[in-house]
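I opened a notebook page for this model. I wanted to look up its contacts, pairs and core, one topic at a time.

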Amino acid sequence: MFIVSMMKTAGNLLKPWFSARRFSSEIFVTRLSGYTTNEELIEMFSPFGVVTQARLIKDPKTQRPKGFGFVKFESEVDAEKALKAMNGRIVRGRLIFVEIAKTTRPGEDATC
């Protein structure tokens with residue numbers, strides 16, 4: 001009860017913490033095959049909208065993909081369609097997971 005009344009009186013001070021998460025036009029894809037290429041990533045997600053960028057994260061020593069990457073769409077709506085359609089799908093024999101890419105603003109700690 002006390003927390004609820006504090007939230008009402010605090011008004012806009014607490015709003016950013018409790019507001020709905022803003023959807024991004026970039027998604028994070030995990031559990032990809034180590035043989036996946038950037039081109040395959042683009043091809044995999046292009047049916048859902050215009051892909052502006054696809055980046056596989058690679059091991060700095062071997063230059064082989066680590067099994068995860070980012071796909072950026074032209075619009076948030078396209079990213080949301082891709083997330084809903086591809087999350088939990090089997091691709092190249094592997095169950096992949098798709099989520100909204102977390103972004104940090106200058107001065108924010110990415111570990112929080």
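I began with the rule for aromatic pairs: rings of Phe, Tyr and Trp pair if their centres lie within 6.5 Å. Planes under 30 degrees apart count as stacked, over 60 as edge-to-face, and the rest as tilted. The model I am reading is predicted.

**Entry: aromatic rings**

I searched the whole structure and found 2 aromatic pairs. I looked up F28 and F70, whose ring centres lie 5.1 Å apart with 40° between the planes. That pair is tilted, because the angle falls neither under 30 degrees nor over 60. F28 sits in strand β1 and F70 in strand β3. The two are 42 residues apart, so I noted this as a link between distant parts of the chain. I then checked F70 for exposure: its relative accessibility is 18%, and it counts as buried. F28, F68 and F70 belong to one aromatic cluster.

**Entry: E26**

Next I turned to E26. It lies in strand β1, which spans residues 26-30. Is E26 buried or exposed? It is buried, because its relative accessibility of 11% is under the 20% limit. I listed its contacts, leaving aside neighbours within four places in sequence. They are R55, F70, V71, K72, I100 and A101.

**Entry: salt bridges**

I counted the salt bridges and got 5. Side chains of opposite charge can pair when their charged atoms come close. I looked up three of these bridges in detail.

Which residue shares a salt bridge with E26? R55 does, at 2.9 Å from N to O. R55 is in strand β2 and E26 in strand β1, 29 residues apart, and the pair links distant parts of the chain. The partners differ in exposure: R55 is partly exposed at 33% relative accessible area, whereas E26 is buried at 11%.

I moved on to E40 and R92. Their closest N and O atoms are 3.3 Å apart. E40 lies in helix α3, and R92 is in the loop between β4 (90-91) and β5 (94-95). The pair therefore ties together parts that are 52 residues apart in sequence. E40 has 30% relative accessibility and counts as partly exposed.

D78 and K81 also meet in a salt bridge, with 3.6 Å from N to O. Both lie in helix α4, 3 residues apart, which is about one turn of the helix. D78 is buried at 13% relative accessible area. K81 is partly exposed at 43%.

**Entry: the core**

How many residues does the largest nonpolar core have? I read 21. Those with the most contacts inside this core are I27, F45 and F73. I noted which elements supply at least two residues each: β1, α3 (38-45), β2 (51-58), β3 (65-73), α4 (76-86) and β6. Helix α4 gives the largest share, 4 residues.

I looked more closely at F45. Leaving aside neighbours within four places in sequence, F45 contacts I27, V29, V51, V71, F73, A82, M86 and V98.

**Entry: the surface**

Last, I looked for nonpolar surface. I90, L95 and F97 make a patch of about 280 Å². I checked one of these residues, F97, which lies in strand β6 (residues 97-100). Its relative accessible area is 34%, so F97 is partly exposed, being over 20% and not over 50%.

Terms used
Residues numbered from 1 in each chain as written. Predicted model: local features only at pLDDT ≥ 70, side-chain atom pairs only at ≥ 80, totals over all residues. Heavy atoms only, no water. Buried < 20%, exposed > 50% of the residue type's maximum accessible area, 1.4 Å probe, protein only. Contact = heavy atoms within 4.5 Å. Patch = residues over 30% accessible without salt bridge, like charges linked within 9 Å, V, L, I, M, F, W, Y side chains within 5 Å. Areas by Shrake-Rupley, 256 points an atom, 1.4 Å probe, with all protein chains shown as cover. Salt bridge = Lys/Arg side-chain N within 4 Å of Asp/Glu carboxyl O. Core = buried A, V, L, I, M, F, W, Y, C linked by side-chain atoms within 4.5 Å. Phe/Tyr/Trp six-rings, centres within 6.5 Å; stacked < 30°, edge-to-face > 60°.
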